[in-house]
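Student: Could you walk me through this one? I'd like to go over a helix and a ligand site.

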Amino acid sequence: MTSSVRTICCIGAGYVGGPTMAVIADRCPQIQVTVVDLNQARIDAWNDADLSKLPVYEPGLDVVVGRCRGRNLHFSTAVEGAIAAADMVFLSVNTPTKTKGVGAGQASDLRWIEASARQVAACAQGHTIVVEKSTLPVRTAQTVKAILNAAQGEVAGVGTPKSFSVLSNPEFLAEGTAIPDLESPDRVLIGGEDSASIDALAGIYGQWVPSERILRTNLWSSELSKLTANAFLAQRISSINSIAALCESTGADVQEVAHAIGADSRIGSKFLKAGPGFGGSCFQKDILNLVYLCGHYGLHEVAAYWQSVVDLNAWQQHRISRLVVERLFGTVTGKRIAILGFAFKADTNDTREAPAIRICQDLLEEGARLAIYDPKVGDDQISSDLGVPATQDLTTQQSAEGSWLTCSTPAEAVKHSDAVLILTEWASFASLDWKQLAPLMRQPAWLFDARSIADRSAAEAAGLHVWRVGCGS
Ligand code: UDX
Ligand code: UDX
């Protein structure tokens, strides 16, 4: 399959825009791809000669960017020129949950999508295919179309009159596996009304994705499928976390239960890992969006059903912090707790909605002193997430209660702690040497393994009390 598209512009050089465009440029050397962003620092980082400094950490991304950058992949802040030159414009800007006004706490804030659509309307030349890549509430394409249609027929310079076609092409990549997810996706979804534009986009993916995996739907099905996919995935996590709590009360083991039910091919084995609850930029935002939409259409029971998935997730996080306090004799005031992992999952530096945020905030509120280690997340990010700056020294008097700092190794974090709490499943945590770590701790010492990754028997043999999520024995 070939495509008529020769130049692409992507607005938004974030976790989605950057890796997606890098793979398109890699697989389609005949297409010039320019990724634009308002944020100069982010663009500079994408252009950094040192590929380890790219603003997004994804295994394999540096190699792909290294192959294409300067050839047919460009990162720039010159938004207008890139739009004018493009046959196809991807909208990949962020769409966070609204914090105020109508729908606050649930609806998506579409101001950046609208601003981008207006910019495309103003700067585009000739025919332009506009592709929604950001996850959006159903019927957003209506807004995008209305803005673009207002400019339809205008002539920029000596060019042909402007015309637009809008497609929805949601991204299903998961962070940490963005490159393999993009290189061999389970499916690519293209929603639209105009078959020539759908063919043009399908032609791009067709360079490396088998045609039976490229699904075509109408615009609204495509927008809704993305929200639904994330809602179903998140629902599985809340379901297994609810059962984890029951396992702990009944003597069952959630790993055994998950294995047993996952063997039923109708249920399937993926996304059944109990943990500290889901994080990431998408799950909570998309479900809240779904809840808001249901409410808007008067489907209050449906809204309540999906809301419960988010509520259970928050409950699981508070449950873990409460449980830590209870096991440590009912108080953590002034106690040092090592937090291993802050990212919302392994292999990413992203902390958006990370379970660590809520759990650490609860523990700080209780007066704990937290020694945090994460191989990819630094002080600045943690301080903005927790809303409290780091302290210099956890041993000084004024930092005694409710303070935190970061450590450069797990051992440094664990030293003098009463407990270790594992919140991200970084592979290196599986091989921690408990025989060496346990004696560094104040006894009696605890290991709280919210990711079921540590070597439990080695930790117990080293004298630690161990709690593992969902393990009742
Ligand atoms: C994506 C999707 O777009 C979002 O809908 C999805 O639900 C989560 O993932 P992501 O790539 O993770 O967003 O967001 P982010 O890393 O914040 O990147 C968005 C970029 O767009 C930022 O770099 C921001 O500077 C840029 N931006 C935003 C613009 O260039 N112009 C704008 O008007 C607004
Ligand atoms: C998700 C979707 O998977 C992806 O398709 C969509 O495009 C964006 O949202 P992402 O947020 O990057 O991707 O990560 P994902 O791997 O889905 O994990 C989300 C959260 O769920 C993480 O906090 C993870 O630790 C947690 N999780 C996942 C579990 O607790 N248990 C599981 O079994 C799986």
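Student: Which residues of helix H3 are buried?

Tutor: Quick housekeeping: this is a predicted model, where local features need pLDDT of at least 70, side-chain atom pairs count only at pLDDT 80 or more, and totals for chains, interfaces and linings use all residues. Numbering runs from 1 along each chain as its sequence is written, chains are lettered from A and ligands numbered from 1 in the order written, and side-chain values use heavy atoms, leaving out hydrogens and water. Helix H3 (a DSSP run of H or I, at least four residues; strands are E, at least two, and both are numbered from the N terminus) spans residues 61–68. Buried means under 20% relative accessible area (1.4 Å probe, protein chains only), and the residues that qualify are Leu 61, Val 64, Val 65 and Cys 68.

Student: Why do the buried residues of H3 line one face of the helix?

Tutor: Look down the axis of H3 and take the directions from the axis to the C-beta atoms. The buried residues line one face because those directions fall within an arc of 95°.

Student: Which side-chain N or O contact to ligand 1 does Arg 42 make, and at what distance?

Tutor: Arg 42 is among the closest of the 20 residues surrounding ligand 1 (a heavy atom within 4 Å). A polar contact is a pair of N or O atoms within 3.5 Å. Here the side chain of Arg 42 pairs with an oxygen atom of the ligand at 2.6 Å.

Student: How do the residues of the shell around ligand 1 divide?

Tutor: Gly counts as polar here, while Asp, Glu, Lys and Arg count as charged. The shell divides into seven nonpolar, nine polar and four charged.

Methods: Polar contact = N/O pair within 3.5 Å; in protein donor to acceptor, adjacent residues only side chain to side chain. Buried < 20%, exposed > 50% of the residue type's maximum accessible area, 1.4 Å probe, protein only.
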